[in-house]
Amino acid sequence: MVHVDSKNALPKLKISGLGKRYGEVVALEPTELTVNAGEFVTLLGPSGSGKTTLLQMISGLTEPTTGTLHVDGRDETATPVHRRDMGLVFQHYALFPHMTVGENIAFPLKMRGAPTNEVRERVRETLAKVQLEQYGDRFPRELSGGQQQRVALARCFVYRPQIVLMDEPLGALDKNLREHMQFEIKRLHREFGTTVIYVTHDQEEALVLSDRICLMNHARVEQIGTPREIYSRPKSIFSARFIGLSNLFIGKVSDAGDGRIVVANSNGSFEARQENCGPLVNGKAGLVLRPEQLRPGPAGAGENDITGTVTEIIYVGSDTRLVLTLQDGETVSVRHDPATTLPALGDSLTYHWPIDVAVVVS
Amino acid sequence: MTAAGLSASPRTFRLRANALWLAAPAIAFLVVFFLIPVGRLLFLSIQGDTGSLTAEHYDRLLHTEVYWRILIITFRIAGLTAFFSLLLGYPLAYWLSQLKEQRRNQMLLLVLVPFWTSYLVKAFAWMLLLGNQGVLNRLLGGAGITDSPLPLMYNEFGVIVGMVHAMMPLAVLTMMPVMSGIDTRLSQAAGTLGANGAHRFWMVYFPLSIPGMAAGGLLTFITSLGFFIVPAFLGGRQQTMLAQLIIIQVQELVNWAFAGVLATMLLVSALIACWIYNHLFGLASLSAGSSTADKTSSAWTRRFGFALLEKLAWITSAVTGRFSQGGRGKILPGYVALIVFFLVAPTLMVIPIAFTSSDFLEFPPPGYSTRWFSLYFNSPIWISATVRSFGVAFATAIAATAIGGLAALAIARSRSRFGGVVFAFMLAPMIVPRIVIAVGLFYLFAQMGLVATNLGLVIGHTVLSIPFTFVAIAAVLKGYDWRLDQAAASLGAGRFQVLRLITVPLIRGGVISAFLFAFVTSFDELTIAIFVSGGLKSTLPKQMWDDMILQLNPTLAAVSVVVLVIVTAILLVADRLRR
Ligand SMILES: Nc1ncnc2c1ncn2[C@@H]1O[C@H](COP(=O)(O)OP(=O)(O)OP(=O)(O)O)[C@@H](O)[C@H]1O
Ligand SMILES: [Mg+2]
């Protein structure tokens, strides 16, 4: 995360109450979001959660129904799209098929009335940055998907917009190329010091790239925070489920005094710290545990445990995961400790965890 | 079922390899009734009296100034028609392409109805509008704007107005699909990169729409080259076009050899236009998006083109910057309304005239009566012509749909490298000017005794309709997912059941529109009918043509209304059934 002197620096981008409806359909509930200069923020969420809508309103391609947008403290809500100092990278690149790679990259410079010499120089320089020096005279359709994506990035970064918006720019690429391009995007972000708002529905990508993640669901923001914050302190069941693998015990909550609470269901009752508990609705809640937080063996002081039979053993490369089925049929994923011998299917195992690590969400 | 599954792969393979045979009826039909007659006609032009080869007929062409003049006039009128059709039609096509799909299909009727409206009815309407005693001159005189009638007709102005009115729907219908296929995200992308409206249009949208313009220009140019209805009625002696000359050579002078010469000129011009379209059209390479084709010259044209477009963009933004935001938004809809009025109003004006009580073609009519309709309905000549047109159109629609549909199926299912050749051959009757096909068939039918027979008409109309049915059915087959057939087969459906329960229901819409388009093509057809039908065996358009040449009368207005109603009804039915 880039740290800004928050006392005198205005946020780069400030969104207040920005919302969009299409007739009856709410594409985005009024939303608040503040992005600092140089920050890389990812909008993450399932399909239809309003990510594209939010991004397009920031870019000016879609008019908001409510709310305002401030860039560097200036109100830009009504600025037409071509006057905003922003760059947008589309999912399917949107390269101009009738222009060569060089002409595509020169386009934004020409629109800004840059002199011919400077245009030529900047295009050459930017092509070199994305390792496409040889390709300036080719047409987009003569390039591979990854190369086209690099051209799209070059076309966007060439005019040094202060804010770059990307809508699932890697959606059409295969896994290897995606990872390579993620690296490339990260590098461009660092080199130009640009503020980036990035849309994806791939949680891994969001974790790799972002300074902060803005988790979206059902046309609103679920949670905003650093990847670590969201992983270790999910604010809702949705957040817990969407990022990383999680085990969830849903049950009734009661106060056990002494800063502790108890979540009880048919598998037993589990303690957690009051301070790790978000706001609750009508006494029901879920206790979130990450697989790596559970350790083999029975509970000691200040710990909880569960016992179940091994019903699946999943090999995932770096790790082996065990699935335990508890008495009432619920399942729990745990990480197998590579130092111990692998259990067999049907073995009964007990795992424990310190009560400090569990998070309780509604 | 497992046995069927196992045997399926070799059988589908054989079916694929052999699918091109489904095009055999179409190929045979077009060879006999299109390729041979046209070839024969061209050959006549180099045949002397004794059957030996000779260049004497071309000699005559070269040494007669009047023919040169007609050739030049033909090119000039066709060129101007194509130019104005594109220029005036482009904003309409653009407007249509920007609409949401459902609304676009509704609004498209505003172009489709004029497109399918009989050329004769349109020419008739313009005669009523533009004549010395016509509607426009009376309005102008009545308002005291002019003292004496303006010469609006029997000159180039009249011909161009009539031709543009006749051809613009074709131009719009050719451009529109290309325009609506332009990815809207490209314009958006240009916007985010800093391009204002004018730059987005000139530098991104316009170059991408050029293939549509080129195709629209080509089709209107070629169709205009062989056109005779509008110049015959709205032009003077100075506007005689090549096709009219061919008709005179065949019908009055019976000079086949010279008709062959003129037909060759027409055909060669059309082919040159196609060739230019394909190879030399420098602007088309703007959007071709390939750097492999001859690099230096096309790169130079491209650069020049882009520089020009950029200038246009700066000029446009400077000019439109003077208008208010709201004022700018009204220009296009206003223009579209005006053009649609131009396309639709003249033919609509025929309707009140058909109900006139007067013996003359006055507008507005002095009183109301249905006497001209009863005259039509009680006239054995008109009724028999109408009935004949219906019968011929029905037979044509069945034949053309079957033959063209099988050929489309062949193309869709075959991977043969001859597919492209067959495809081009199926479309050839659209490229070769109708008058050439008509005269060629007339010569053939004269030898076969098919002149003045319904069979001859059906054959001729089927030749003209096959490109339409082929394209309509090929279009639905292209979007057809053949895996559905395989899925149905794997679920236990036999081959016939697959056809009946899956294929036919899914392509029904395309087949029905193919049928109706063939029907309307035949119902409206005049060129072949002029030669092949006649006397007591006239079709409705032929009867109208004869009457219009003799004298304009209110019965013609009544007949026009009947034709208008029938064609519009068919179009509406086609539109409904396609959904
Ligand atoms: N032009 C529109 N008209 C009507 N509804 C729309 C329109 N655009 C978006 N919506 C609706 O708004 C909601 C949010 O759409 P949006 O495109 O922002 O989702 P998204 O998060 O980008 O999804 P995806 O991951 O699939 O791209 C969806 O329910 C969508 O159906
Ligand atoms: Mg989206």
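Is Asp72(A) buried, partly exposed or exposed? The tour returns to this residue after a look at the model as a whole.

**Confidence**

The structure in the viewer is a predicted model. For the complex, the predictor gives an ipTM of 0.75 and a pTM of 0.80. Colour chain B by pLDDT to begin. Its mean pLDDT is 83, and 92% of the residues of chain B reach 70 or more.

Select residues 65-98 of chain B next. This is helix H4 of chain B, which has the highest mean pLDDT among the elements of that chain, at 91. The lowest mean, 44, belongs to helix H14 of chain B, at residues 284-288.

Two stretches of chain B call for caution. Over residues 1-17 of chain B, pLDDT stays under 50, and the model has eight contacts beyond four places in sequence for them. Over residues 282-294 of chain B, pLDDT also stays under 50, with 28 contacts beyond four places in sequence in the model. Where pLDDT is low, the predicted coordinates should not be read in detail.

**The sheet of chain A**

Turn to chain A and show its strands. Six of them form an open sheet with mixed pairing, in the order E6-E7-E8-E3-E9-E10. At the edges are strand E6 (86-89) and strand E10 (220-225) of chain A, each of which pairs on one side only. From one strand to the next, the twist averages 15°.

Now select residues 40-44 and residues 212-217 of chain A. These are strand E3 and strand E9 of chain A, paired in the parallel sense over four bridges. Within this selection, Val41(A) stands opposite Arg212(A) in E9(A).

Add residues 51-59 of chain A, which make up helix H1. Helix H1 of chain A lies across E3, E6, E7, E8 and E9 of chain A, and runs at about 150° to E7(A).

**Salt bridges in chain A**

Side chains come next. Over all chains, the count comes to 22 salt bridges. Select Lys12(A) and Asp72(A), which form a salt bridge with the closest N and O atoms 3.0 Å apart. The pair links distant parts of the chain, 60 residues apart. Lys12(A) is in the segment before strand E1 (13-22) of chain A, and Asp72(A) is in the loop between strand E4 (66-71) and strand E5 (74-75) of chain A.

The opening question can now be answered: Asp72(A) is partly exposed, because its relative accessible area is 29%. Its partner Lys12(A) counts as buried, at 6% relative accessibility. Add Arg74(A) and Glu76(A) to the selection to see a network of salt bridges that links them with Lys12(A) and Asp72(A).

**Salt bridges in chain B**

Return to helix H4 of chain B and select Glu65(B) and Arg69(B). Their side chains meet in a salt bridge, at 3.9 Å from N to O. About one helical turn separates the two, because they are four residues apart in this helix. Glu65(B) is exposed, with a relative accessible area of 57%, whereas Arg69(B) counts as partly exposed at 40%.

The last stop is Asp359(B) with Arg371(B), a salt bridge whose closest N and O atoms are 2.4 Å apart. Asp359(B) lies in the loop between helix H16 (325-354) and helix H17 (371-377) of chain B, and Arg371(B) lies in helix H17, so the pair ties together parts that are twelve residues apart in sequence. Asp359(B) counts as partly exposed at 46% relative accessibility, and Arg371(B) counts as partly exposed at 35%.

How values were computed
Residues numbered from 1 in each chain as written. Chains lettered and ligands numbered in written order. Predicted model: local features only at pLDDT ≥ 70, side-chain atom pairs only at ≥ 80, totals over all residues. Heavy atoms only, no water. pLDDT = per-residue confidence, 0-100. Contact = heavy atoms within 4.5 Å. Pairing = 2+ DSSP bridges. Axes fitted to C-alpha atoms, helices over the stretch in contact; angles between N-to-C directions. Salt bridge = Lys/Arg side-chain N within 4 Å of Asp/Glu carboxyl O. Buried < 20%, exposed > 50% of the residue type's maximum accessible area, 1.4 Å probe, protein only.
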